[in-house]
Amino acid sequence: MDAQSIYWTPFELFGAPITFNVTTMITFSIAGLIVFLFTFIGARKMAMRPTGLQNFIEWVIDFCRGIIKANMDWKTGGRFIALAYTLLFVIFVSNMMGIPFEMATNDTHSVIWKSPTSDPFLTLTLAAFVVILTHIYGIKLRGTKEYSLDYFRPKWFLFPFKIIEEFANTLTLGMRLFGNVFAKEVLMLLIVGLGTASIGWGLAMFAPTMVWQAFGIFIGSLQAYIFAMLAMVYMSHKVESH
């Protein structure tokens, strides 16, 4: 099997050919595994005076608690602490995976290691997952009737615009994450490409590479925060009356 078929693997669903990106699936699974192991090991032995990993995990949870409290009442929003923690941590790790290096084959230039969030299909899937959850919890916590009436408030003729808003929220949430991570990795590839052209270019590009690596960490952290924050904003709009 060549590198291209490893990268894009086709199969048929109801007679229609569908392809899925194995690289994205593997790297995102690794990101999830890293978060799981990090959390499991850190919370394995709980102590009243946290140290090490437990201290860091509690700090992240407090940070997520602040995100939730900024958008909704804690009595309602407390149930979403695990969701906020998972989104923030998994997306952060995913954004960081392409910063040290990105691997591609020489013959087909198929990428076999990257930040999974540089794939628009993944980011849009995550965004759709968040938006669907907001609807589920909106109906669960407020009831179908009260939840449905929100689409006709304050005026009934706003209903079509509110439907469009749901699609717009999904698109902007997913594409914002993808655009920033993808642009970060493309520019990194350009800088590294220049650096490998010759010894002179390698020396000249060393400082820009280090600067962009640091900026990539900042961008990846910021985008993870924005995604988790907007997820809680959208959730608050569905589970609370506005």
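A salt bridge here is a side-chain nitrogen of Lys or Arg within 4 Å of a carboxyl oxygen of Asp or Glu. In this predicted model, Asp-62 and Arg-65 make such a pair, with their closest N and O atoms 2.4 Å apart. The structure holds five salt bridges, and the points below walk through some of them, along with the largest pocket and a serine in a loop.

**Salt bridges**
- Asp-62 and Arg-65 sit three residues apart in helix α3 (residues 52-69), about one turn of the helix.
- Asp-62 is partly exposed, at 45% relative accessible area, and Arg-65 is also partly exposed, at 26%.
- Arg-142 pairs with Asp-150, with 2.5 Å between the closest N and O atoms, and a network of salt bridges links these two residues with Glu-146.
- Arg-142 is buried at 13% relative accessibility, and Asp-150 is buried at 16%.
- Glu-166 and Lys-238 form a salt bridge at 2.5 Å, N to O. Glu-166 belongs to helix α8 and Lys-238 to helix α9, so this pair ties together parts that are 72 residues apart in sequence.

**The largest pocket**
- The largest pocket holds about 340 Å³ of space. Of its 15 lining residues, Lys-162, Glu-165, Glu-166, His-237 and Lys-238 are the closest to the centre.
- Helix α8 gives the most to the lining, with four residues.
- Seven lining residues are charged, four are polar and four are nonpolar.

**Ser-118**
- Ser-118 lies in the loop between β4 (111-113) and α6 (120-142), and is buried at 7% relative accessible area.
- A polar atom of the Ser-118 side chain lies 2.6 Å from the backbone oxygen of Ser-115.
- Leaving aside residues up to four places away in sequence, Ser-118 touches Phe-178, Val-181, Phe-182 and Glu-185.

Conventions: Residues numbered from 1 in each chain as written. Predicted model: local features only at pLDDT ≥ 70, side-chain atom pairs only at ≥ 80, totals over all residues. Heavy atoms only, no water. Helix = DSSP H or I, 4+ residues; strand = E, 2+ residues; numbered from the N terminus. Buried < 20%, exposed > 50% of the residue type's maximum accessible area, 1.4 Å probe, protein only. Polar contact = N/O pair within 3.5 Å; in protein donor to acceptor, adjacent residues only side chain to side chain. Contact = heavy atoms within 4.5 Å. 1 Å grid on protein atoms, 1.4 Å probe; cavity = no way out; pocket = protein on both sides within 12 Å on 5 of 7 lines; lining within 4 Å. Points joined across faces, edges and corners; volume = space filled by probe spheres on them. Nonpolar A, V, L, I, M, F, W, Y, C, P; charged D, E, K, R; others polar.
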